[in-house]
Amino acid sequence: MTVMYCLLKGKYESNWIKCMKIATTPRVLYYHIVADKFPEIYPNGISVSNFFRQLGQLKRRGYKFRSLSEVLANPKKFNAKDIVLTFDDGFSANYPVLMYLGKEYNIKPTVFLIGKCIDNKEMAWNHKLLLMKRYCSPVKLSAQIDNYVPGATISSFFSRIEMSEKDTVTDFLWKEVMPFSESDYLQKHKPFLSLTQMKSLQKAGVEFGIHSWSHPDFSRLIYPEAYTELDLCFKQMEELSVPCKRYFAYPYGRPAQNEIETRLIKNFQLSATFGISYGLGDNSLPYTRWQRIKMDGRKLTNQQQFLLMPWLRSIKASRFNFF
Ligand SMILES: [Zn+2]
């Protein structure tokens, strides 16, 4: 009885220590768009003035901005008062702000790039879907979706489509419903960072990590598919001679199965992967999984996310792991 009590007490206490760690480790914030004019390809984001208001408030409350490489090199040195800024997808709308952060604030954010989108070569399937929704009537789009994925609707398309078919099917759909080609749109609007912009950002201190090649849901990939997604992306960065850290942010924050992630970390020597949920041990050594907090929503939501999320997540993690 005593032995059982001690064992349970030990397990309980060590889990609580891990939970506390979740809530007290550095906060990694993420944004998609910080701009005064949001691009059609991703029409949600935060205005430049609200973004700098956020940074000002954080600074006044004693938070310090760190680069991801600084934090990952020695996570034990930092705590919840240390903040890392990250940006997903590599949108060009963020370019002025990213440059300004480096030069004027000495903040070194990390940009997670989608390999196929770099330099406006292609769009990812989720961007194509967003544009199709904008330019095509829901009735016409629904009818076409039903042709390719019988029974699927605009809203269920994401979960119904096989990840191995997502690009082929969205390309077919685009040809059927869009009044212009993908390349014409990219040429005209240039929604993604160009190579020249990336090189300037790198000189200004911005770090680059990867966000996969084609933005799939990794929770639905088998290992060879997940491997190819990272391999193509790292090779692309090498070919372009843009220094790239061994960081990988999961699209939609949805991680691969643990066994797949372990193999990816080993094969690509990843120093960290990034999701948006929490498990015991995340954001602390020796674990490689880090979790981020979304900060480009409404003001109140951002505040809740920032202040409460680490604690709520730690409670959630404890519920699933204590018993
Ligand atoms: Zn993304």
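These legends accompany several close-up views of a predicted model.

**View 1. The whole protein, with its helices and strands.**
Welcome to the overview, where residues are numbered from 1 along each chain as its sequence is written. Because this is a predicted model, local features need pLDDT of at least 70 and side-chain atom pairs count only at pLDDT 80 or more, while totals for chains, interfaces and linings use all residues. The protein holds 13 helices and 8 strands; these are DSSP runs numbered from the N terminus, with helices (H or I) of at least four residues and strands (E) of at least two. Of the 323 residues in the protein, 35% are buried. Here a residue is buried if 20 or more other C-beta atoms lie within 10 Å of its own, exposed if 12 or fewer, and partly exposed in between, with C-beta atoms placed from the backbone. Contacts between residues at least 6 apart in sequence join residues at least 24 apart in 69% of cases; two residues are in contact if their C-beta atoms, placed from the backbone, lie within 7 Å.

**View 2. Strand E3 and the strands that pair with it.**
Strand E3 covers residues 82-89, and 7 of its 8 residues are buried, so the strand is largely enclosed by the rest of the structure. Strand E1 (residues 27-31) pairs with E3 in the parallel sense over 5 bridges, and Val28 has Val84 as its bridge partner in E3. For two strands to pair, DSSP must find at least two bridges between them. Strand E2 (residues 64-66) also runs parallel to E3, joined by 3 bridges, and here Arg66 has Val84 as its bridge partner. Between E2 and E3 the chain passes through helix H3 (residues 68-73) in a right-handed β-α-β crossover. A crossover is right-handed if, with the strands pointing away from the viewer, the path from the first strand over the helix to the second runs clockwise. E3 pairs in parallel with strand E4 (residues 110-113) as well, over 4 bridges, with Asp88 opposite Phe112 of E4. The route from E3 to E4 leads through helix H4 (residues 95-105), and this β-α-β crossover is right-handed.

**View 3. Arg66 and its surroundings.**
Take a moment with Arg66, which sits in strand E2. Arg66 counts as partly exposed, because it has 19 C-beta neighbours inside 10 Å. Leaving aside neighbours within four places in sequence, its contacts are Pro26, Val71, Phe78, Asp82, Ile83 and Val84. One of these partners, Asp82, lies 16 residues from Arg66 in sequence and 6.5 Å away in space, C-alpha to C-alpha.

**View 4. Strand E7 between E6 and E8.**
Strand E7 (residues 272-275) is covered on both faces: Ala272 and Phe274 on one side, and Thr273 and Gly275 on the other, are all buried. Strand E6 (residues 247-249) and E7 are parallel and share 3 bridges; Phe248 has Thr273 of E7 as its bridge partner. Together, E6, H12 and E7 form a right-handed β-α-β unit. E7 is also joined by 3 bridges to strand E8 (residues 289-294), again in parallel, and Phe274 has Trp290 of E8 as its bridge partner.

**View 5. Helix H11 against helix H12.**
Helix H11 (residues 223-239) and helix H12 (residues 258-268) have axes that come within 10 Å and cross at roughly 30 degrees. These axes are lines fitted to C-alpha atoms, for helices over the stretch in contact, and angles run from 0 to 180 degrees between N-to-C directions. The crossing of H11 past H12 is right-handed, a label given if the near helix is turned clockwise from the far one by less than a right angle. From H11, Tyr223, Ala226, Tyr227, Leu230 and Phe234 meet Ile260, Arg263, Leu264, Asn267 and Phe268 of H12. By class, the residues of this contact are 8 nonpolar, 1 polar and 1 charged. Ala, Val, Leu, Ile, Met, Phe, Trp, Tyr, Cys and Pro count as nonpolar, Asp, Glu, Lys and Arg as charged, and the others, Gly among them, as polar.

**View 6. Two loop residues with positive phi.**
Look in the loop between helix H9 (182-189) and helix H10 (195-203) to find Lys190. Lys190 is not a glycine, yet it has a positive phi of about 40 degrees. Lys190 is partly exposed, with 15 other C-beta atoms within 10 Å. Ser241 belongs to the loop between H11 and E6, and its phi is near 55 degrees, a positive value in a residue other than glycine. Ser241 is exposed, with 8 other C-beta atoms within 10 Å.
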